[in-house]
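Subject: A structure for you to explore

Hi,

Here is the structure I promised you. Have a look around it first, then read my notes below.

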Amino acid sequence: MPRGARPPRRWSLRARLLVGQVLLLVIVVVGIGAATELALQQFLVHQLDTELIGVQKRSLGDAGGGPSLGPRPDGRPTPPPHPQSGTAGPGPSFLDRGGIQPGAVGAILDGEKITAAGKIGADGTQTALSETAQQQLASVPTAGGPVTVDLAGQGRYRLIADKTWDGETVITGLPSASIDAILMRVLLILLIVTVIVLIIAITVGIWLIRHALAPLDRVAATASRVADLQLDRGEVALPVRVPVADADPRTEVGQLGSAVNRMLDHITGALSARHDSETRVRQFLADASHELRTPLAAIRGYAELAQRKRAEVPGDVANAMSRVESESRRMTALVEDMLLLARLDSGRGLEHEPVDLTQLTVDAVSDAHIAGRDHRWDLDLPDEPVVITGDAARLHQVLANLLANARTHTGPGTTVTTALDFDGDGGAVWRVTDDGPGIPEALQPEVFERFARGDSSRSRRAGSSGLGLAIVAAVIKAHGGVISVDSAPGRTEFTVRLPGVGSAVPT
(Lines give C-alpha, C1' and ligand atoms only; values in the text may rest on other atoms or scores of the structure.)
Protein backbone atom coordinates (compact mmCIF):
# COMPACT_ATOMS: atom_id res chain seq x y z
CA MET A 1 0.00 0.00 0.00
CA PRO A 2 1.44 3.43 -0.90
CA ARG A 3 2.58 5.56 2.03
CA GLY A 4 -0.21 7.85 3.23
CA ALA A 5 -2.93 5.84 1.48
CA ARG A 6 -5.95 4.94 3.55
CA PRO A 7 -6.52 1.24 4.21
CA PRO A 8 -9.51 -0.23 2.36
CA ARG A 9 -12.74 -0.01 4.26
CA ARG A 10 -13.81 -3.38 5.58
CA TRP A 11 -17.50 -4.17 5.77
CA SER A 12 -18.99 -5.83 8.79
CA LEU A 13 -20.44 -9.32 8.57
CA ARG A 14 -23.95 -7.86 8.92
CA ALA A 15 -23.38 -5.51 5.99
CA ARG A 16 -21.96 -8.27 3.79
CA LEU A 17 -24.86 -10.62 4.56
CA LEU A 18 -27.43 -7.90 3.94
CA VAL A 19 -25.81 -6.77 0.68
CA GLY A 20 -25.53 -10.37 -0.51
CA GLN A 21 -29.18 -11.01 0.30
CA VAL A 22 -30.31 -7.85 -1.49
CA LEU A 23 -28.15 -8.59 -4.56
CA LEU A 24 -29.49 -12.11 -4.77
CA LEU A 25 -33.06 -10.85 -4.49
CA VAL A 26 -32.44 -8.18 -7.13
CA ILE A 27 -31.01 -10.77 -9.53
CA VAL A 28 -34.00 -13.06 -9.00
CA VAL A 29 -36.56 -10.27 -9.38
CA VAL A 30 -34.85 -8.84 -12.46
CA GLY A 31 -34.63 -12.30 -14.00
CA ILE A 32 -38.30 -12.99 -13.33
CA GLY A 33 -39.27 -9.55 -14.65
CA ALA A 34 -37.21 -9.94 -17.83
CA ALA A 35 -38.66 -13.39 -18.48
CA THR A 36 -42.17 -12.09 -17.86
CA GLU A 37 -41.68 -9.13 -20.22
CA LEU A 38 -40.23 -11.35 -22.94
CA ALA A 39 -42.99 -13.96 -22.66
CA LEU A 40 -45.71 -11.30 -22.59
CA GLN A 41 -44.18 -9.52 -25.58
CA GLN A 42 -44.08 -12.72 -27.61
CA PHE A 43 -47.69 -13.51 -26.68
CA LEU A 44 -48.97 -10.05 -27.58
CA VAL A 45 -47.01 -9.95 -30.83
CA HIS A 46 -48.41 -13.39 -31.75
CA GLN A 47 -51.94 -12.13 -31.12
CA LEU A 48 -51.30 -9.02 -33.22
CA ASP A 49 -49.80 -11.14 -36.01
CA THR A 50 -52.85 -13.40 -35.98
CA GLU A 51 -55.10 -10.37 -36.29
CA LEU A 52 -52.84 -8.90 -39.01
CA ILE A 53 -52.95 -12.09 -41.07
CA GLY A 54 -56.74 -12.12 -40.75
CA VAL A 55 -56.96 -8.53 -41.96
CA GLN A 56 -54.65 -9.37 -44.86
CA LYS A 57 -56.81 -12.35 -45.84
CA ARG A 58 -59.99 -10.27 -45.74
CA SER A 59 -58.34 -7.51 -47.73
CA LEU A 60 -57.24 -9.90 -50.42
CA GLY A 61 -60.55 -11.83 -50.33
CA ASP A 62 -62.63 -8.69 -50.72
CA ALA A 63 -60.74 -7.92 -53.89
CA GLY A 64 -62.08 -11.06 -55.69
CA GLY A 65 -60.09 -12.79 -58.40
CA GLY A 66 -59.18 -16.26 -59.61
CA PRO A 67 -59.09 -19.48 -57.64
CA SER A 68 -56.65 -20.15 -54.90
CA LEU A 69 -53.47 -21.92 -55.82
CA GLY A 70 -53.23 -23.74 -52.50
CA PRO A 71 -51.57 -22.83 -49.20
CA ARG A 72 -48.16 -21.19 -48.92
CA PRO A 73 -45.38 -22.73 -46.86
CA ASP A 74 -46.29 -20.54 -43.85
CA GLY A 75 -49.87 -21.88 -43.78
CA ARG A 76 -51.54 -18.88 -45.38
CA PRO A 77 -53.50 -19.33 -48.69
CA THR A 78 -52.07 -18.11 -51.94
CA PRO A 79 -53.39 -14.58 -52.47
CA PRO A 80 -55.97 -13.90 -55.23
CA PRO A 81 -55.55 -11.14 -57.81
CA HIS A 82 -54.86 -7.65 -56.41
CA PRO A 83 -57.60 -5.48 -54.98
CA GLN A 84 -58.19 -2.29 -56.86
CA SER A 85 -57.57 1.12 -55.42
CA GLY A 86 -60.70 2.97 -54.36
CA THR A 87 -61.60 6.62 -54.33
CA ALA A 88 -62.53 7.08 -50.59
CA GLY A 89 -59.04 8.29 -49.75
CA PRO A 90 -55.41 8.14 -50.70
CA GLY A 91 -55.14 4.51 -49.58
CA PRO A 92 -56.41 1.28 -51.14
CA SER A 93 -60.15 0.52 -51.12
CA PHE A 94 -59.89 -2.35 -48.63
CA LEU A 95 -59.13 0.14 -45.87
CA ASP A 96 -62.73 1.43 -46.19
CA ARG A 97 -64.27 -1.93 -45.49
CA GLY A 98 -65.38 -2.93 -41.99
CA GLY A 99 -63.39 -5.04 -39.55
CA ILE A 100 -60.17 -3.05 -39.79
CA GLN A 101 -59.11 -1.24 -36.62
CA PRO A 102 -58.23 2.47 -36.58
CA GLY A 103 -54.57 3.14 -37.15
CA ALA A 104 -54.16 0.36 -39.74
CA VAL A 105 -52.13 1.16 -42.83
CA GLY A 106 -52.37 -0.30 -46.32
CA ALA A 107 -50.60 0.11 -49.60
CA ILE A 108 -50.55 -1.32 -53.12
CA LEU A 109 -47.23 -1.59 -54.85
CA ASP A 110 -47.06 -1.99 -58.63
CA GLY A 111 -43.53 -3.13 -59.29
CA GLU A 112 -41.49 -0.56 -57.36
CA LYS A 113 -44.12 2.20 -57.48
CA ILE A 114 -46.70 2.88 -54.80
CA THR A 115 -50.11 3.24 -56.47
CA ALA A 116 -52.07 3.69 -53.24
CA ALA A 117 -51.06 4.13 -49.60
CA GLY A 118 -52.92 5.43 -46.56
CA LYS A 119 -53.87 5.08 -42.90
CA ILE A 120 -57.24 4.76 -41.21
CA GLY A 121 -57.74 7.49 -38.64
CA ALA A 122 -59.67 7.25 -35.38
CA ASP A 123 -62.77 8.69 -37.16
CA GLY A 124 -62.62 6.09 -39.96
CA THR A 125 -61.23 8.42 -42.63
CA GLN A 126 -58.07 7.78 -44.54
CA THR A 127 -54.98 9.96 -44.30
CA ALA A 128 -51.95 10.04 -46.53
CA LEU A 129 -48.54 8.70 -45.55
CA SER A 130 -45.30 10.57 -45.98
CA GLU A 131 -42.88 9.72 -48.74
CA THR A 132 -40.48 8.20 -46.23
CA ALA A 133 -43.22 5.99 -44.78
CA GLN A 134 -44.25 4.90 -48.29
CA GLN A 135 -40.65 3.95 -49.08
CA GLN A 136 -40.53 1.94 -45.89
CA LEU A 137 -43.72 0.11 -46.91
CA ALA A 138 -42.28 -0.58 -50.35
CA SER A 139 -39.23 -2.22 -48.77
CA VAL A 140 -41.27 -4.79 -46.81
CA PRO A 141 -40.31 -8.27 -48.13
CA THR A 142 -43.06 -10.47 -49.53
CA ALA A 143 -41.35 -13.66 -48.42
CA GLY A 144 -41.84 -14.75 -44.83
CA GLY A 145 -44.21 -13.53 -42.12
CA PRO A 146 -44.96 -10.18 -40.50
CA VAL A 147 -42.11 -7.81 -39.73
CA THR A 148 -41.77 -4.85 -37.35
CA VAL A 149 -41.07 -1.47 -38.90
CA ASP A 150 -40.85 1.94 -37.26
CA LEU A 151 -42.81 4.02 -39.80
CA ALA A 152 -41.73 7.60 -40.08
CA GLY A 153 -44.18 9.81 -38.21
CA GLN A 154 -46.51 6.88 -37.38
CA GLY A 155 -44.75 4.72 -34.79
CA ARG A 156 -44.00 1.01 -34.70
CA TYR A 157 -46.07 -1.30 -36.95
CA ARG A 158 -46.32 -4.98 -37.75
CA LEU A 159 -46.42 -5.22 -41.55
CA ILE A 160 -47.09 -8.06 -43.99
CA ALA A 161 -46.85 -8.08 -47.79
CA ASP A 162 -48.33 -10.48 -50.41
CA LYS A 163 -48.13 -10.53 -54.18
CA THR A 164 -51.26 -10.73 -56.31
CA TRP A 165 -51.77 -12.78 -59.48
CA ASP A 166 -50.77 -9.90 -61.71
CA GLY A 167 -47.54 -9.17 -59.81
CA GLU A 168 -48.69 -6.25 -57.66
CA THR A 169 -48.01 -6.29 -53.94
CA VAL A 170 -50.58 -5.68 -51.20
CA ILE A 171 -49.16 -4.41 -47.91
CA THR A 172 -51.16 -4.32 -44.66
CA GLY A 173 -50.02 -3.14 -41.26
CA LEU A 174 -51.39 -2.82 -37.70
CA PRO A 175 -49.93 -0.54 -35.01
CA SER A 176 -48.05 -2.11 -32.07
CA ALA A 177 -48.60 0.90 -29.81
CA SER A 178 -51.02 -1.10 -27.66
CA ILE A 179 -48.36 -3.77 -27.15
CA ASP A 180 -45.77 -1.15 -26.14
CA ALA A 181 -48.26 0.44 -23.74
CA ILE A 182 -49.04 -2.91 -22.11
CA LEU A 183 -45.37 -3.81 -21.81
CA MET A 184 -44.56 -0.40 -20.32
CA ARG A 185 -47.40 -0.73 -17.83
CA VAL A 186 -46.24 -4.21 -16.82
CA LEU A 187 -42.65 -2.94 -16.50
CA LEU A 188 -43.79 -0.10 -14.25
CA ILE A 189 -45.75 -2.54 -12.11
CA LEU A 190 -42.72 -4.80 -11.89
CA LEU A 191 -40.52 -1.87 -10.82
CA ILE A 192 -42.98 -0.82 -8.13
CA VAL A 193 -43.31 -4.40 -6.90
CA THR A 194 -39.50 -4.77 -6.93
CA VAL A 195 -39.03 -1.63 -4.82
CA ILE A 196 -41.66 -2.76 -2.33
CA VAL A 197 -40.18 -6.25 -2.18
CA LEU A 198 -36.69 -4.81 -1.65
CA ILE A 199 -37.87 -2.56 1.18
CA ILE A 200 -39.61 -5.48 2.84
CA ALA A 201 -36.63 -7.77 2.23
CA ILE A 202 -34.14 -5.26 3.66
CA THR A 203 -36.30 -4.69 6.75
CA VAL A 204 -36.86 -8.37 7.34
CA GLY A 205 -33.24 -9.15 6.45
CA ILE A 206 -31.90 -6.67 9.01
CA TRP A 207 -34.11 -8.20 11.68
CA LEU A 208 -33.19 -11.77 10.74
CA ILE A 209 -29.45 -11.04 10.52
CA ARG A 210 -29.48 -9.16 13.82
CA HIS A 211 -31.39 -12.00 15.45
CA ALA A 212 -29.11 -14.65 13.91
CA LEU A 213 -25.89 -12.85 14.90
CA ALA A 214 -27.03 -11.94 18.42
CA PRO A 215 -25.25 -15.02 19.88
CA LEU A 216 -22.05 -13.95 18.10
CA ASP A 217 -22.39 -10.50 19.71
CA ARG A 218 -22.70 -12.12 23.12
CA VAL A 219 -19.59 -14.24 22.47
CA ALA A 220 -17.70 -11.10 21.40
CA ALA A 221 -18.91 -9.27 24.52
CA THR A 222 -17.62 -12.12 26.69
CA ALA A 223 -14.24 -11.99 24.96
CA SER A 224 -14.12 -8.20 25.43
CA ARG A 225 -14.82 -8.50 29.16
CA VAL A 226 -12.03 -11.05 29.50
CA ALA A 227 -9.68 -8.79 27.50
CA ASP A 228 -10.32 -5.97 30.00
CA LEU A 229 -9.27 -8.08 32.99
CA GLN A 230 -5.84 -7.56 34.55
CA LEU A 231 -4.15 -10.92 34.04
CA ASP A 232 -0.51 -9.94 34.47
CA ARG A 233 -0.15 -10.50 38.21
CA GLY A 234 -1.88 -11.62 41.37
CA GLU A 235 -4.76 -14.02 41.79
CA VAL A 236 -7.06 -13.76 38.80
CA ALA A 237 -10.55 -15.25 38.62
CA LEU A 238 -12.38 -15.62 35.31
CA PRO A 239 -16.06 -15.83 36.21
CA VAL A 240 -17.00 -14.73 32.70
CA ARG A 241 -18.23 -17.49 30.41
CA VAL A 242 -20.24 -17.69 27.20
CA PRO A 243 -23.87 -18.53 28.12
CA VAL A 244 -24.84 -22.17 27.68
CA ALA A 245 -27.45 -21.23 25.08
CA ASP A 246 -24.69 -19.70 22.94
CA ALA A 247 -22.30 -22.65 23.34
CA ASP A 248 -24.39 -25.30 21.60
CA PRO A 249 -21.92 -27.30 19.43
CA ARG A 250 -24.69 -28.08 16.94
CA THR A 251 -24.49 -24.53 15.55
CA GLU A 252 -21.55 -22.61 14.10
CA VAL A 253 -21.75 -19.81 16.67
CA GLY A 254 -22.24 -22.41 19.39
CA GLN A 255 -19.02 -24.12 18.34
CA LEU A 256 -17.23 -20.78 18.69
CA GLY A 257 -18.80 -20.16 22.10
CA SER A 258 -17.87 -23.66 23.26
CA ALA A 259 -14.29 -23.16 22.08
CA VAL A 260 -14.11 -19.82 23.94
CA ASN A 261 -15.36 -21.46 27.14
CA ARG A 262 -12.76 -24.23 26.85
CA MET A 263 -10.06 -21.63 26.25
CA LEU A 264 -11.19 -19.67 29.33
CA ASP A 265 -11.09 -22.86 31.39
CA HIS A 266 -7.52 -23.48 30.29
CA ILE A 267 -6.57 -19.86 31.01
CA THR A 268 -8.14 -20.10 34.47
CA GLY A 269 -6.15 -23.24 35.20
CA ALA A 270 -2.93 -21.64 33.95
CA LEU A 271 -3.53 -18.48 36.00
CA SER A 272 -4.28 -20.49 39.11
CA ALA A 273 -1.11 -22.51 38.64
CA ARG A 274 0.90 -19.34 38.07
CA HIS A 275 -0.61 -17.67 41.14
CA ASP A 276 0.12 -20.71 43.30
CA SER A 277 3.70 -20.74 42.04
CA GLU A 278 4.13 -17.01 42.69
CA THR A 279 2.61 -17.39 46.14
CA ARG A 280 5.04 -20.17 46.99
CA VAL A 281 7.98 -18.12 45.67
CA ARG A 282 6.90 -15.04 47.67
CA GLN A 283 6.37 -17.09 50.78
CA PHE A 284 9.76 -18.73 50.36
CA LEU A 285 11.40 -15.36 49.78
CA ALA A 286 9.73 -13.85 52.83
CA ASP A 287 10.56 -16.83 55.02
CA ALA A 288 14.14 -17.00 53.78
CA SER A 289 14.65 -13.28 54.25
CA HIS A 290 13.18 -13.44 57.73
CA GLU A 291 15.30 -16.42 58.72
CA LEU A 292 18.46 -14.85 57.31
CA ARG A 293 18.11 -11.75 59.46
CA THR A 294 19.13 -13.58 62.66
CA PRO A 295 22.36 -15.22 61.41
CA LEU A 296 23.31 -12.03 59.58
CA ALA A 297 22.84 -10.05 62.78
CA ALA A 298 25.00 -12.59 64.62
CA ILE A 299 27.72 -12.42 61.96
CA ARG A 300 27.67 -8.66 62.07
CA GLY A 301 27.83 -8.67 65.86
CA TYR A 302 30.79 -11.03 65.99
CA ALA A 303 32.53 -8.97 63.29
CA GLU A 304 32.05 -5.78 65.31
CA LEU A 305 33.30 -7.57 68.43
CA ALA A 306 36.39 -8.66 66.56
CA GLN A 307 36.93 -5.14 65.34
CA ARG A 308 37.15 -3.91 68.93
CA LYS A 309 40.26 -6.10 69.46
CA ARG A 310 41.81 -5.13 66.13
CA ALA A 311 45.16 -4.37 67.79
CA GLU A 312 45.39 -7.87 69.31
CA VAL A 313 45.10 -9.82 66.04
CA PRO A 314 47.32 -9.96 62.97
CA GLY A 315 46.69 -7.33 60.30
CA ASP A 316 45.35 -9.70 57.67
CA VAL A 317 42.85 -11.13 60.16
CA ALA A 318 41.73 -7.64 61.14
CA ASN A 319 41.30 -6.74 57.48
CA ALA A 320 39.30 -9.93 56.86
CA MET A 321 37.00 -9.21 59.80
CA SER A 322 36.49 -5.70 58.43
CA ARG A 323 35.43 -7.17 55.10
CA VAL A 324 33.12 -9.61 56.86
CA GLU A 325 31.42 -6.74 58.66
CA SER A 326 31.11 -4.73 55.42
CA GLU A 327 29.60 -7.61 53.45
CA SER A 328 27.28 -8.53 56.32
CA ARG A 329 25.94 -4.98 56.28
CA ARG A 330 25.42 -5.19 52.49
CA MET A 331 23.77 -8.60 52.74
CA THR A 332 21.54 -7.39 55.56
CA ALA A 333 20.36 -4.48 53.38
CA LEU A 334 19.73 -6.90 50.52
CA VAL A 335 17.69 -9.22 52.74
CA GLU A 336 15.69 -6.29 54.08
CA ASP A 337 14.92 -5.17 50.52
CA MET A 338 13.85 -8.66 49.49
CA LEU A 339 11.63 -8.97 52.56
CA LEU A 340 10.07 -5.59 51.78
CA LEU A 341 9.34 -6.61 48.18
CA ALA A 342 7.77 -9.85 49.36
CA ARG A 343 5.51 -7.94 51.74
CA LEU A 344 4.56 -5.42 49.08
CA ASP A 345 3.76 -8.22 46.61
CA SER A 346 1.40 -9.74 49.16
CA GLY A 347 -0.25 -6.35 49.79
CA ARG A 348 1.08 -5.86 53.31
CA GLY A 349 3.32 -3.32 55.01
CA LEU A 350 1.65 0.04 54.17
CA GLU A 351 0.23 2.70 56.44
CA HIS A 352 -2.68 4.90 55.30
CA GLU A 353 -2.33 8.35 56.80
CA PRO A 354 -1.84 11.94 55.55
CA VAL A 355 1.74 12.58 54.45
CA ASP A 356 3.29 16.01 53.92
CA LEU A 357 5.37 15.41 50.81
CA THR A 358 6.91 18.88 50.98
CA GLN A 359 8.65 18.23 54.32
CA LEU A 360 9.46 14.68 53.25
CA THR A 361 11.14 15.98 50.08
CA VAL A 362 13.22 18.51 52.02
CA ASP A 363 14.42 15.80 54.42
CA ALA A 364 15.30 13.33 51.65
CA VAL A 365 17.24 15.91 49.64
CA SER A 366 19.11 17.02 52.79
CA ASP A 367 20.13 13.41 53.46
CA ALA A 368 21.24 13.04 49.81
CA HIS A 369 23.32 16.24 50.14
CA ILE A 370 25.17 14.82 53.13
CA ALA A 371 25.75 11.47 51.34
CA GLY A 372 26.87 13.02 48.05
CA ARG A 373 28.72 16.28 48.63
CA ASP A 374 30.35 16.12 45.21
CA HIS A 375 26.94 16.47 43.53
CA ARG A 376 24.75 19.55 43.23
CA TRP A 377 21.29 19.09 44.76
CA ASP A 378 18.50 21.49 43.73
CA LEU A 379 14.95 21.77 45.04
CA ASP A 380 11.80 23.02 43.27
CA LEU A 381 8.82 23.15 45.68
CA PRO A 382 5.34 24.71 45.40
CA ASP A 383 4.23 27.56 47.67
CA GLU A 384 1.63 25.39 49.42
CA PRO A 385 2.30 22.08 51.24
CA VAL A 386 1.50 18.97 49.20
CA VAL A 387 -0.37 16.39 51.28
CA ILE A 388 -1.46 12.91 50.17
CA THR A 389 -2.61 9.68 51.82
CA GLY A 390 0.01 6.97 52.18
CA ASP A 391 2.89 5.50 54.13
CA ALA A 392 5.43 8.21 55.05
CA ALA A 393 8.32 5.80 55.65
CA ARG A 394 7.83 4.02 52.33
CA LEU A 395 7.42 7.26 50.38
CA HIS A 396 10.60 8.58 51.99
CA GLN A 397 12.28 5.37 50.84
CA VAL A 398 11.01 5.97 47.29
CA LEU A 399 12.58 9.42 47.05
CA ALA A 400 15.73 8.30 48.85
CA ASN A 401 16.18 5.42 46.40
CA LEU A 402 15.69 7.73 43.40
CA LEU A 403 18.22 10.19 44.75
CA ALA A 404 20.65 7.38 45.63
CA ASN A 405 20.24 6.01 42.11
CA ALA A 406 21.15 9.41 40.65
CA ARG A 407 24.13 9.75 43.03
CA THR A 408 25.43 6.24 42.38
CA HIS A 409 25.19 6.24 38.57
CA THR A 410 26.44 9.77 37.80
CA GLY A 411 29.81 11.39 38.17
CA PRO A 412 30.94 14.23 40.47
CA GLY A 413 29.54 17.64 39.61
CA THR A 414 26.24 16.25 38.32
CA THR A 415 23.20 18.41 39.09
CA VAL A 416 20.23 16.53 40.52
CA THR A 417 16.95 18.47 40.67
CA THR A 418 14.02 17.29 42.78
CA ALA A 419 10.70 18.94 41.88
CA LEU A 420 7.35 18.57 43.66
CA ASP A 421 4.05 19.90 42.35
CA PHE A 422 0.29 19.35 42.35
CA ASP A 423 -1.34 17.49 39.49
CA GLY A 424 -4.76 18.21 38.01
CA ASP A 425 -6.61 15.58 40.09
CA GLY A 426 -5.58 16.72 43.56
CA GLY A 427 -2.57 14.40 43.72
CA ALA A 428 1.14 15.03 43.60
CA VAL A 429 3.92 14.78 41.03
CA TRP A 430 7.55 14.09 41.92
CA ARG A 431 10.28 14.60 39.35
CA VAL A 432 13.93 13.67 39.92
CA THR A 433 16.11 14.93 37.07
CA ASP A 434 19.86 14.68 36.57
CA ASP A 435 22.20 15.74 33.76
CA GLY A 436 24.25 12.55 33.86
CA PRO A 437 25.09 10.16 30.99
CA GLY A 438 21.56 8.74 30.76
CA ILE A 439 20.10 5.24 30.55
CA PRO A 440 20.43 3.18 27.34
CA GLU A 441 17.16 3.07 25.40
CA ALA A 442 17.20 -0.74 25.36
CA LEU A 443 17.37 -0.82 29.17
CA GLN A 444 14.62 1.72 29.88
CA PRO A 445 11.65 -0.71 29.54
CA GLU A 446 13.15 -3.00 32.22
CA VAL A 447 14.78 -0.44 34.50
CA PHE A 448 12.18 -1.12 37.21
CA GLU A 449 12.68 -4.89 37.09
CA ARG A 450 14.44 -6.61 39.97
CA PHE A 451 18.23 -6.86 39.74
CA ALA A 452 18.26 -4.76 36.54
CA ARG A 453 21.65 -3.13 36.03
CA GLY A 454 22.94 -0.57 33.55
CA ASP A 455 26.68 -0.42 34.16
CA SER A 456 27.51 0.31 30.53
CA SER A 457 25.91 3.76 30.49
CA ARG A 458 25.96 5.24 34.00
CA SER A 459 29.29 5.07 35.81
CA ARG A 460 29.18 2.83 38.88
CA ARG A 461 31.40 4.02 41.69
CA ALA A 462 29.63 2.02 44.38
CA GLY A 463 27.81 -1.26 44.33
CA SER A 464 24.08 -1.69 44.81
CA SER A 465 21.66 -4.55 45.23
CA GLY A 466 19.79 -3.90 41.99
CA LEU A 467 16.50 -3.71 43.92
CA GLY A 468 16.28 0.04 44.53
CA LEU A 469 14.13 0.97 41.53
CA ALA A 470 12.13 -2.26 41.86
CA ILE A 471 11.22 -1.21 45.43
CA VAL A 472 10.32 2.26 44.15
CA ALA A 473 7.96 0.81 41.53
CA ALA A 474 6.39 -1.60 44.03
CA VAL A 475 5.78 1.11 46.65
CA ILE A 476 4.34 3.53 44.09
CA LYS A 477 2.01 0.83 42.74
CA ALA A 478 0.91 -0.06 46.27
CA HIS A 479 -0.06 3.60 46.70
CA GLY A 480 -2.11 3.55 43.49
CA GLY A 481 0.38 5.73 41.62
CA VAL A 482 2.54 5.34 38.52
CA ILE A 483 6.22 5.92 37.78
CA SER A 484 7.92 6.47 34.44
CA VAL A 485 11.40 7.29 33.16
CA ASP A 486 12.51 9.48 30.27
CA SER A 487 16.22 9.34 29.54
CA ALA A 488 18.63 10.57 26.90
CA PRO A 489 22.34 11.38 26.99
CA GLY A 490 22.69 14.41 29.27
CA ARG A 491 19.25 14.15 30.88
CA THR A 492 17.38 11.50 32.89
CA GLU A 493 14.04 12.18 34.55
CA PHE A 494 11.99 9.91 36.81
CA THR A 495 8.36 11.02 37.20
CA VAL A 496 6.17 9.77 40.04
CA ARG A 497 2.42 10.48 40.14
CA LEU A 498 0.55 9.84 43.39
CA PRO A 499 -3.18 10.18 44.19
CA GLY A 500 -4.31 12.86 46.64
CA VAL A 501 -5.80 12.82 50.12
CA GLY A 502 -8.86 10.58 50.43
CA SER A 503 -7.95 8.45 47.43
CA ALA A 504 -8.23 4.74 47.98
CA VAL A 505 -4.91 2.95 48.39
CA PRO A 506 -4.88 -0.61 47.09
CA THR A 507 -4.71 -3.27 49.75
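Let's start with a pair of strands. Strand 4 (residues 147-151) and strand 5 (residues 155-163) run antiparallel and are joined by five bridges. Strands here are DSSP runs of E with at least two residues, helices are runs of H or I with at least four, and both are numbered from the N terminus; two strands pair if DSSP finds at least two bridges between them. Across this pairing, Thr148 stands opposite Arg158 in strand 5. The two strands make a hairpin with three residues between them, and Gly153 in the turn has a positive phi of about 75°.

A note on the source: this is a predicted model, where local features need pLDDT of at least 70 and side-chain atom pairs count only at pLDDT 80 or more, while totals for chains, interfaces and linings use all residues. Residues are numbered from 1 along each chain as its sequence is written, and side-chain values use heavy atoms, leaving out hydrogens and water.

Next, the core. The largest nonpolar core (buried Ala, Val, Leu, Ile, Met, Phe, Trp, Tyr and Cys residues joined through side-chain atoms within 4.5 Å) has 35 residues. Helix 7 gives the most to this core, with six residues. Leu498 is among the residues with the most contacts inside the core; beyond its neighbours within four places in sequence, its contacts (heavy atoms within 4.5 Å) include Leu357, Leu395 and Trp430.

Finally, Asn401 lies in helix 7 (residues 392-408). Asn401 is buried (under 20% relative accessible area, 1.4 Å probe, protein chains only; exposed is over 50%, partly exposed in between), at 19%.

Enjoy!
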